[in-house]
Amino acid sequence: MEGVIHRTVEVNGIKMHIAEKGEGPVVLFLHGFPELWYSWRHQILSLSSLGYRAVAPDLRGYGDTETPPSIDSYTCFHIVGDLVALIDSLGVQQVFLVAHDWGALMGWYLCMFRPEKVKAYVCLSVPFIPRNPNVRTVDGLRAMYGEDYYISRFQKPGEMEAQMAEVGTEYVLKNLLTTRKTGPPTFPKGEYGTGFNPNMTDILPSWLTEEDLAYYVSKFEKTGFTGGLNYYRNINSNWELTTPWTRVQIKVPVKFIAGELDMVYTSLGIKEYIHGGGFKEDVPNLEQVIVQKGVAHFNNQEAAEDISNYIHDFINKF
């Protein structure tokens with residue numbers, strides 16, 4: 001990662017670690033769970049070589065960014081507050097946004113709350129999820145998928161952390177990053193067990209080296225998983241807080257990319273929403289949807305070069 005500058009910025013009352021490289025318009029990269037700025041290592045190098053300033057933070061609760069202790073410090077308002085302060089600290093009015101997984105969800109909230117900050121948005125894996133005014137989000141997911149659906153299991157403070165500790169940090173990260181299991185992830189009763197990936201082998205895929213895995217492990221050994229899990233524990237709070245944005249449309253120009261084996265893309269109703277007109281209705285400036293053949297959830301790492309090219313092709317128009 002030669003030439004990548006690491007620094008700490010004060011945002012919204014916390015110290016945030018960012019990695020950046022390059023000069024030019026800012027491309028802001030937001031990672032998901034359980035990840036770090038490092039998930040964008042390939043795109044940082046690629047986009048910075050093409051005349052952009054690539055900036056990738058460790059989000060609140062992750063890596064070398066501060067981890068506030070209280071669960072209620074991880075709502076969509078806290079995270080978007082961090083991002084707005086980060087954008088301001090970079091000395092720019094607007095950024096190109098690129099985000100994946102939980103980063104993608106927070107990207108949608110940024111576009112919802114402060115659309116003037118986002119010139120265009122390349123969203124990976126998680127489409128816009130319109131707020132259902134009739135049912136709290138976790139309650140709806142639990143009714144659909146049951147008590148052992150991963151989001152249901154992540155709700156109780158401390159419980160999943162203890163189950164993850166039983167199998168160890170390296171096992172959890174390897175289990176999650178290498179999964180190709182489609183459909184909604186459900187866990188064995190009362191334990192982490194085989195977690196997200198019942199077909200896990202000792203051999204890492206070609207796109208994830210032992211060094212890559214070791215970097216993730218070193219950071220999560222230090223922080224634990226609580227910061228990341230606290231995002232899930234605020235899903236119902238976010239549902240309450242975003243009542244004023246019920247039936248909102250996202251007007252930012254968007255390109256959406258998912259792997260055909262992605263656990264989100266293959267969950268109940270998501271494909272129908274993306275391809276059946278609902279997504280375009282909620283996001284009228286959705287310009288393109290790309291489904292990557294044979295690619296799973298972590299497409300920014302598995303299909304890194306393709307993702308870099310897709311990003312550049314889109315933002316280059318603005």
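**Exercise 1. Find the volume and the lining of the second largest cavity.**

Start with the volume: the second largest cavity comes to about 30 Å³. The term needs pinning down: on a 1 Å grid over the protein atoms alone, a cavity is a set of points where a 1.4 Å probe fits but cannot get out, while a pocket is an open set with protein on both sides within 12 Å along at least five of seven lines. Lining residues have an atom within 4 Å of a point. Grid points are joined across faces, edges and corners, and a volume is the space filled by probe spheres set on the points.

Now go round the wall: T179, K181, T182, G183, P184, P185, F196 and M263 line this second largest cavity. Sort them by class and you get four nonpolar, three polar and one charged. Here Ala, Val, Leu, Ile, Met, Phe, Trp, Tyr, Cys and Pro count as nonpolar, Asp, Glu, Lys and Arg as charged, and the others, Gly among them, as polar.

A word on what you're looking at: this is a predicted model, where local features need pLDDT of at least 70, side-chain atom pairs count only at pLDDT 80 or more, and totals for chains, interfaces and linings use all residues. Residues are numbered from 1 along each chain as its sequence is written, and side-chain values use heavy atoms, with hydrogens and water left out.

**Exercise 2. Work out how many cavities of 30 Å³ or more there are, and describe the largest.**

Count: there are two cavities of 30 Å³ or more. The largest cavity holds about 60 Å³ of space. Its lining is F33, D101, Y150, L176, F196, Y232, M263, V264 and H297. That splits into seven nonpolar, one polar and one charged.

**Exercise 3. Describe the largest pocket and say which helices help to line it.**

Its volume is about 1,000 Å³. Of its 39 lining residues, L105, I129, P130, T137 and L141 are the closest to the centre. By class, the lining has 28 nonpolar, seven polar and four charged residues. For the helices, pick out α3 (102–113), α4 (137–145), α5 (150–153), α10 (235–241) and α11 (270–275): each gives at least two residues to the lining. Helices (H or I, at least four residues) and strands (E, at least two) are DSSP runs, numbered from the N terminus.

**Exercise 4. Trace the sheet, then place two helices against it.**

Read off the order: β1-β2-β4-β3-β5-β6-β7-β8, an open sheet of eight strands with mixed pairing. Two strands pair if DSSP finds at least two bridges between them. At the edges sit β1 (5–11) and β8 (286–292), each pairing on one side only. From one strand to the next, the twist averages 20 degrees.

Next, the helices. α1 (residues 41–48) packs on the sheet and touches β2 (14–21), β3 (26–30) and β4 (53–57), with its direction at about 55 degrees to that of β2. α3 lies across β3, β5 (95–100), β6 and β7, at about 150 degrees to β6. Contact means heavy atoms within 4.5 Å. Axes are lines fitted to C-alpha atoms, for helices over the stretch in contact, and angles run from 0 to 180 degrees between N-to-C directions.

**Exercise 5. Locate the cis peptide bond and the positive phi of S125.**

The cis bond joins F33 and P34, with omega about -10 degrees. P34 lies in the loop between β3 and α1. S125 isn't a glycine, yet its phi is about 80 degrees; look for S125 in the loop between β6 and α4.
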